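Here are a few exercises to work through with the structure open beside you. Try each task before reading its solution.

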Amino acid sequence: MKRQLVFIPIAADELGVLLGDPAVEDRPAYTVTPELLEELGYTEAESEDAEYAALVLASVAGLAAHGVRLVVVAEVDPALISASVDPANGEVILRSCPTGAMTAWFADEPGVDVADAAAISRGLSIDLAWELPQVQELLQEHELLWNDVVEYRRGA
């Protein structure tokens, strides 16, 4: 069965989604959409670059919505994905996400100060938050760290 890679921004207190608590239901997520490819000028052959772009966009959405760049990665059945209002930024609605589909999560390194970028982008769209100097500085100076879900599940 073909799977689709999705990036799910979550709040700092929601890392339990990796164990199914809370469940992921009807949540905004980000993926490579045809509109995202067109918006960024990527071809189908540049799928890895487009996936990275979707991850970064999800991190900005998380910063604006939750005040953190915390993004769960999952490979889901495309039937679980519905259209959303911002396909040019890769936004979709993830109707549900089995915990077994979750493979990793990305987060800022401990000690990275996101407070200014989070405060100024709070409640904004990705496009508006993206333009803010504080958000651009955060994106340019701090890569997100990859974490394996197995590590989290062992420690839980």
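**Exercise 1. Count the helices and strands of this predicted model, and find the order in which they run.**

Solution. Begin with the count: the protein has 6 helices and 7 strands. Next, follow the chain from the N terminus, and the elements read β-β-α-α-β-β-β-β-α-α-α-β-α. Now turn to overall compactness: the radius of gyration is 15 Å, close to the 15 Å that the globule rule gives for 156 residues, so the protein is as compact as a globular protein of that length. As a last step, take the extents along the principal axes: the C-alpha trace spans about 40 × 40 × 25 Å.

**Exercise 2. Describe the burial, the surface and the charges of the protein.**

Solution. Start with burial: 44% of the 156 residues count as buried. Then look at the accessible surface, which comes to about 8200 Å², with 51% of it belonging to carbon and sulfur atoms. Finally, tally the charged side chains: 8 are positive and 28 are negative, and the centres of the two sets lie 10 Å apart.

**Exercise 3. Decide whether Threonine 33 is buried or exposed, and find what it touches.**

Solution. First place the residue: Threonine 33 sits in the loop that links strand 2 (25–30) to helix 1 (34–40). Its relative accessible area is 7%. Buried means under 20%, so Threonine 33 is buried. Then list its contacts, leaving out residues up to four places away in sequence: Threonine 33 touches Pro87, Gly90 and Val92.

**Exercise 4. Work out which elements build the largest nonpolar core, and which residues in it touch the most other members.**

Solution. The core holds 26 residues, and those touching the most other members are Phe7, Leu55, Val60, Leu63, Ile126, Val135 and Leu138. Two or more residues each come from helix 2 (47–66), strand 3 (70–76), strand 6 (102–107), helix 3 (115–121), helix 4 (126–130) and helix 5 (133–141). Helix 2 gives the largest share, 8 residues.

Zoom in on one member: setting aside residues up to four places away in sequence, Valine 135 touches Val60, Leu63, Ala117, Ser121, Ala129 and Trp130. Apart from this core lies another, of 21 residues, including Val6, Val72, Val76 and Ile81.

**Exercise 5. Find what share of the contacts joins residues at least 24 apart in sequence.**

Solution. Keep the contacts between residues at least 6 apart in sequence; of these, 74% join residues at least 24 apart.

Key: Residues are numbered from 1 along each chain as its sequence is written. This is a predicted model: local features need pLDDT of at least 70, side-chain atom pairs count only at pLDDT 80 or more; totals for chains, interfaces and linings use all residues. Side-chain values use heavy atoms; hydrogens and water are left out. Helices (H or I, at least four residues) and strands (E, at least two) are DSSP runs, numbered from the N terminus. The radius of gyration is taken over C-alpha atoms; the globule rule is 2.2 Å times the number of residues to the power 0.38. Buried means under 20% relative accessible area, exposed over 50%, partly exposed in between (1.4 Å probe, protein chains only). Contact means heavy atoms within 4.5 Å. Accessible areas come from the Shrake-Rupley method with a 1.4 Å probe; for residues, only the protein chains shown count as cover. Lys and Arg count as positive and Asp and Glu as negative; His and the chain ends are not counted. The place of a charge is taken as NZ of Lys, CZ of Arg, CG of Asp or CD of Glu. A nonpolar core is a set of buried Ala, Val, Leu, Ile, Met, Phe, Trp, Tyr and Cys residues joined through side-chain atoms within 4.5 Å.
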